[in-house]
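This briefing is meant for someone meeting the structure for the first time. Please look through the sequence and the model, and then read the points below, which are grouped by topic.

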Amino acid sequence: MFPVTATLLRHRLRHIRHHIRFISTAVPPPPPPHFRLPLNHPTYLIWSANTSLGKTLVSTGIAASFLLQPSSAHSTKLLYLKPIQTGFPSDSDSRFVFSKLDSLSLRRRIPLSISNSVLRSSLPVAEALRRNLQASESGICDLNFSEEKTVTGAPELLCKTLYAWEAAISPHLAAEREHAMVEDSVVLKMLEQEMECRSESNVLCLVETAGGVASPAPSGTLQCDLYRPFRLPGILVGDGRLGGISGTIAAYESLKLRGYDVAAVVFEDHGLVNEVPLTSYLRNKVPVLVLPPVPKDPSDDLIEWFLESDGVFKDLKDVMVSVYLERVERLNGMAKQAGEVFWWPFTQHKLVAEEAVTVIDSRCGENFSVYKASDNNSITQQFDACASWWTQGPDPAFQAELAREMGYTAARFGHVMFPENVYEPALKCAELLLDGVGKGWASRVYFSDNGSTAIEIALKMAFRKFCVDHETLLDLSEATEEKKDIVVKVLALRGSYHGDTLGAMEAQAPSPYTGFLQQPWYTGRGLFLDPPTVFLSNGAWNLSLPESFSQTTSEECGTFTTRDEIFDKSRDTSSLATIYSAYVSEQLQEYSGISQSAHVGALIIEPVIHGAGGMHMVDPLFQRVLVNECRNRKIPVIFDEVFTGFWRLGVETTADLLGCKPDIACFAKLMTGGMIPLAVTLATEAVFDSFSGDSKLKALLHGHSYSAHAMGCATAAKAIEWFKDPETNHNINSQRGTLRELWDEELVQQISSHSAVERVVVLGTLFALELKVDASNSGYASLYAKSLLEMLREDGIFMRPLGNVVYLMCGPCTSPEICRRLLAKLHKRLGEFNRA
């Protein structure tokens, strides 16, 4: 091994600080945008609890057990891949497997075709092999070194090293020392290509890692994070020495925490019976196999050891094959089983054929890993353009960070009840909320479990505050039965959606969600106004006024040159603002005066964007006028930011877009990064005080068993900090406190001018378009977009429409380049869709 000098360590520390922000806060390059992982044969990662524990010995033993059997057919093939190799050429794991299988083949008198190749390397490796090669800009050469022994009709062993460095040190140090860096995405793409074995049966693929589970890759990314997009099942080579139990368990937990499946643990026997406590810890769910002691004599060629270990390796091979077959059988049956036992939300089951069910094996960052039996049993990557129904935000690095936070909190707290108690996750989450989305107006945080119930709580708060502010009304409510006929309604906008629970549905206008078949109790307890909307069409932002404003002149409507003009507060002094104010005042006039039996007790709005109502952008000037008119009448204001909050629209809170503050606001979804359900209702101190009194009956009598559950609060706290930190979210403009523009302006303009497109809305992490259709084919029940979405899923984009409205939704950390690719695919498919 090369000595790691103090100079090298100092250099490395500078590299860590300034170049890659090593490990937990590193933001690696995106993985291959649309990989394909074949499942027509088993593929396993060979992991190790630490370096020098015998990964290559295990790989060799598995290869011998698979290939060197009397019954092995000529079509039997084992592919051994070593993506990252240091210490080359003096140390070559693929060369070791190649040479030992050659010797074992001769010893057992079983013919074998074998080959070994090294595909790419640093320049020092090429020079050591006396190759005169040119390196690329990254310092990597196409080495293409190979050796082989061919036997016609024999089983075949293919050994390949993908990248090699000369220094026998950690890959990240070797790559830096030899000026030969390789990005994670490049390693993964090459590995994907080499794992492909089309139309071949009886194949086993082994991918051997370098060093331990958490050893760095050339980029500095931990290898357990590097290979996570493929989520290959693994064999963990444990440690049978003193202290090995701890190291093996730590490695196992690191893999499980990242979502890997470990098929078996295997290690060398050192006479300490480490298998007993390990088997107990793993609760007999993962086989623990023990290999004979490895001879220490350097001159021993280990052939006798491999022969002695053959039974263990056969058992290990059988476990690997069995686990693979069980996995494929389960994946093949999941779509049918789901159709028989699930009741999916917002889904007409009669319209979902078995082959249309998406079988999701896992998720990595923003991508689903989708199993496709029709594609020769493969797993492919699809970008989740629904952001898993508007909740998701993490990239792969953040997903791993949240998983660690959740695991720690679950282990520390489990669950504890909330009333009259305090614990760190809930307190920290509340402090961050009040210093973030609630800064400057909120003083209290009420925890609940989802957006709809957060709205129910907000309505209770608002109605109480309204009654307290209008003391005569409160006196009437406490009078005799004959005087209690008081109706409190909300002021809301048509097209808004505030949740599925009964009270939340009462606060929204009639819609497909509120019909008699959906909610027979629905009455619609509100004054519902048609809002002016803004949209992009033919490259220009247009204002559309409803019929209520039919007398308004076209000059007062007009268009906007840029989207920023829509949010400009100078519009507050425009004639349109006066028109809006007069209209709202006229509508509220009917509900003014204490003698009325019906009162508007709260304003509730989805700021800027109506999500479930069709991704409409409401004119922010109109919403600002609504807030001001209600304030003048002491009507509490509720912002429903369940969908729009936490950077969904490019700012942490849409109060910043509107330029006004609420009395009450609801948040959920992205608040936890989309990892776990949690919701909050924030309120001013004045709202809180309206529930103060000497009797418990005056308190807010609402709650959930899992209110402020520790795991949700800890996850939310981590997400809130991560999203707003420029060091972890490279999309943050720290000076403006906004996200940078994620969607390519030129492509947005082209799509808005497409003949198939009626309108476009683009803001923050949202891009939405409405397809042009006739009236009979529009609305939530429309199936018009089905063929377009099928094409996009083939392109690696998972989308689910709102009728004839389709949308792309990314996370606050998504790179603009990924968004550009999404738009480019959508634009291309729109042309094909329009011609169909």
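In this predicted model, Arg444 has a relative accessibility of 34% and therefore counts as partly exposed, a class that lies between under 20% for buried and over 50% for exposed. Arg444 belongs to strand 14, which covers residues 444-448. The points below begin with the surroundings of Arg444 and then turn to aromatic pairs and nonpolar cores.

**Around Arg444**

- Once neighbours within four places in sequence are left aside, the residues in contact with Arg444 are Leu434, Thr681, Leu682, Ala683, Glu685 and Phe688.
- With one of these, Glu685, the side chain of Arg444 makes a polar contact of 3.2 Å.
- With Phe688 the arrangement involves a ring, since the charged end of Arg444 sits over it at 3.7 Å from the ring centre.
- Arg412, by contrast, is 32 residues from Arg444 in sequence, and their C-alpha atoms are 26 Å apart in space.

**Aromatic pairs**

- The count of aromatic pairs comes to 27, and one of them is the edge-to-face pair of Phe346 and Trp389, whose centres are 5.6 Å apart and whose planes meet at 90°.
- Phe346 lies in the loop between helix 11 (310-341) and strand 11 (359-364), while Trp389 lies in helix 12 (residues 387-390), so this pair ties together parts that are 43 residues apart in sequence.
- Both rings belong to partly exposed residues, Phe346 with a relative accessible area of 36% and Trp389 with one of 35%.
- The rings of Tyr583 and Phe622 form a tilted pair, because their centres are 6.5 Å apart and their planes stand at 40°.
- That pair links distant parts of the chain, with Tyr583 in helix 20 (residues 575-589) and Phe622 in helix 21 (residues 620-632), 39 residues apart.
- Tyr583 and Phe622 are both buried.
- A cluster linked by ring pairs takes in Phe346, Trp389, Tyr497, Tyr513 and Tyr780.

**Nonpolar cores**

- The largest nonpolar core has 129 residues, and the members that touch the most others are Leu433, Met615, Trp743, Phe767, Leu769 and Leu808.
- Helix 24 (residues 710-724) provides the largest share of this core, namely eight residues.
- Neighbours within four places in sequence aside, the contacts of Trp743 are Val748, Val762, Gly764, Thr765, Leu766, Phe767, Leu808, Cys810, Cys819 and Leu823.
- Another core lies apart from the largest one and has 100 residues, including Leu157, Leu289, Leu302 and Phe306.

Technical notes
Residues numbered from 1 in each chain as written. Predicted model: local features only at pLDDT ≥ 70, side-chain atom pairs only at ≥ 80, totals over all residues. Heavy atoms only, no water. Core = buried A, V, L, I, M, F, W, Y, C linked by side-chain atoms within 4.5 Å. Buried < 20%, exposed > 50% of the residue type's maximum accessible area, 1.4 Å probe, protein only. Helix = DSSP H or I, 4+ residues; strand = E, 2+ residues; numbered from the N terminus. Contact = heavy atoms within 4.5 Å. Polar contact = N/O pair within 3.5 Å; in protein donor to acceptor, adjacent residues only side chain to side chain. Phe/Tyr/Trp six-rings, centres within 6.5 Å; stacked < 30°, edge-to-face > 60°. Lys NZ or Arg CZ within 6 Å of the ring centre and 35° of its normal.
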